[in-house]
Amino acid sequence: MSSLIEKLQKSYNNTTIGAFALEYSLYRSTIPVDDKISKDARLHHLLHLQHIPHKAFRVYDFPNGTESSISSIRDADINDYKTLMAQKMAALWTPRFTVTISKGASFEIGDGIVRIGEVRAEGTSQAVRSVLVAIQIPSAGDIKIGRAHV
């Protein structure tokens, strides 16, 4: 990944504007025996992006794409929420995996922001699983009110 970052810096004559980090966890519902409606699992996603301060996002997906629910959690409460999921909600939700990017980089190229990082499985000494490249292009509304760096 360092060679990719160097090529970006050289090609666009820029330096990093900050670090890029994220943590993504996936939980799967445990199906109660008396569930007469569906035997499909529900999924609970938890995403924490360093460049969006003070909140993390959680998404509940219901079986067969019937509906989803998205909400945010204050950054100060994220550790309490993880403890709640691990200790109090363990009978309802089982962790599937967690992946992290801990040492990514962000670049401003023109009006856009490019974020690059190595995706690794948390809690293992496993090598890089993949490289994530996220390109953020501000909308016209963001440019008008000066929110291009959200």
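A residue is called buried when its relative accessible area is under 20%. By that cut-off, Thr-98 counts as buried, because its relative accessibility is 18%. This residue of the predicted model is a handy place to begin a tour, and the wider fold can then be built up around it.

Thr-98 is found in strand β5. Its side chain makes a polar contact of 2.9 Å with the side chain of Ser-25. Setting aside neighbours within four places in sequence, the contacts of Thr-98 are Glu-23, Tyr-24, Ser-25, Arg-120, Ala-121 and Glu-122. Two of these names, Glu-23 and Arg-120, come up again below with the salt bridges.

Stepping back to the whole chain, the secondary structure comprises three helices and seven strands. Read from the N terminus, these elements follow the order α-β-β-β-β-α-β-β-β-α. The chain has 150 residues, and 29% of them are buried. About 9900 Å² of the chain is exposed, with carbon and sulfur atoms supplying 54% of that area. Of the contacts between residues at least 6 apart in sequence, 45% join residues at least 24 apart.

The seven strands form an open sheet, ordered β4-β3-β2-β1-β5-β6-β7 and paired in antiparallel fashion. At its edges are β4 (68–74) and β7 (130–136), each of which pairs on one side only. From one strand to the next, the twist averages 20 degrees. In general, strands of a sheet pair through backbone hydrogen bonds, either parallel or antiparallel. One of the pairings here joins β2 (residues 43–49) to β3 (residues 55–61), which run antiparallel and are linked by five bridges. Within this part of the sheet, Leu-43 stands opposite Asp-61 in β3.

Two helices can now be placed against the strands. Helix α1 (residues 2–12) packs on the sheet, where it touches β1 (16–29), β5 (93–109) and β6 (112–121). The direction of α1 makes about 30 degrees with that of β5. Helix α2 (residues 78–88) also packs on the sheet, touching β1, β2, β3, β4 and β5. For α2, the direction makes about 155 degrees with that of β2.

Charged side chains add further links to this picture. Side chains of opposite charge can pair when their charged atoms come close, and the structure holds three salt bridges. In one of them, Glu-23 pairs with Lys-82, with the closest N and O atoms 2.8 Å apart. Glu-23 belongs to strand β1 and Lys-82 to helix α2, so this salt bridge ties together parts that are 59 residues apart in sequence. Lys-82 counts as partly exposed, at 26% relative accessibility.

Another salt bridge brings together the side chains of Asp-77 and Arg-74, at 2.9 Å from N to O. Asp-77 is partly exposed at 27% relative accessibility, whereas Arg-74 is exposed, with a relative accessible area of 54%. A further salt bridge, of 3.0 Å from N to O, is made by the side chains of Arg-120 and Glu-118. Arg-120 is partly exposed, with a relative accessible area of 33%, and Glu-118 is likewise partly exposed, at 25% relative accessibility. Arg-120 also leads back to the starting point, as one of the residues in contact with the buried Thr-98.

Terms used. Residues are numbered from 1 along each chain as its sequence is written. This is a predicted model: local features need pLDDT of at least 70, side-chain atom pairs count only at pLDDT 80 or more; totals for chains, interfaces and linings use all residues. Side-chain values use heavy atoms; hydrogens and water are left out. Two strands pair if DSSP finds at least two bridges between them. Helices (H or I, at least four residues) and strands (E, at least two) are DSSP runs, numbered from the N terminus. Axes are lines fitted to C-alpha atoms, for helices over the stretch in contact, and angles run from 0 to 180 degrees between N-to-C directions. Contact means heavy atoms within 4.5 Å. Buried means under 20% relative accessible area, exposed over 50%, partly exposed in between (1.4 Å probe, protein chains only). Accessible areas come from the Shrake-Rupley method with a 1.4 Å probe; for residues, only the protein chains shown count as cover. A polar contact is a pair of N or O atoms within 3.5 Å; within protein, one must be able to donate a hydrogen and the other to accept it, and residues adjacent in sequence count only if both atoms are side-chain atoms. A salt bridge is a side-chain nitrogen of Lys or Arg within 4 Å of a carboxyl oxygen of Asp or Glu.
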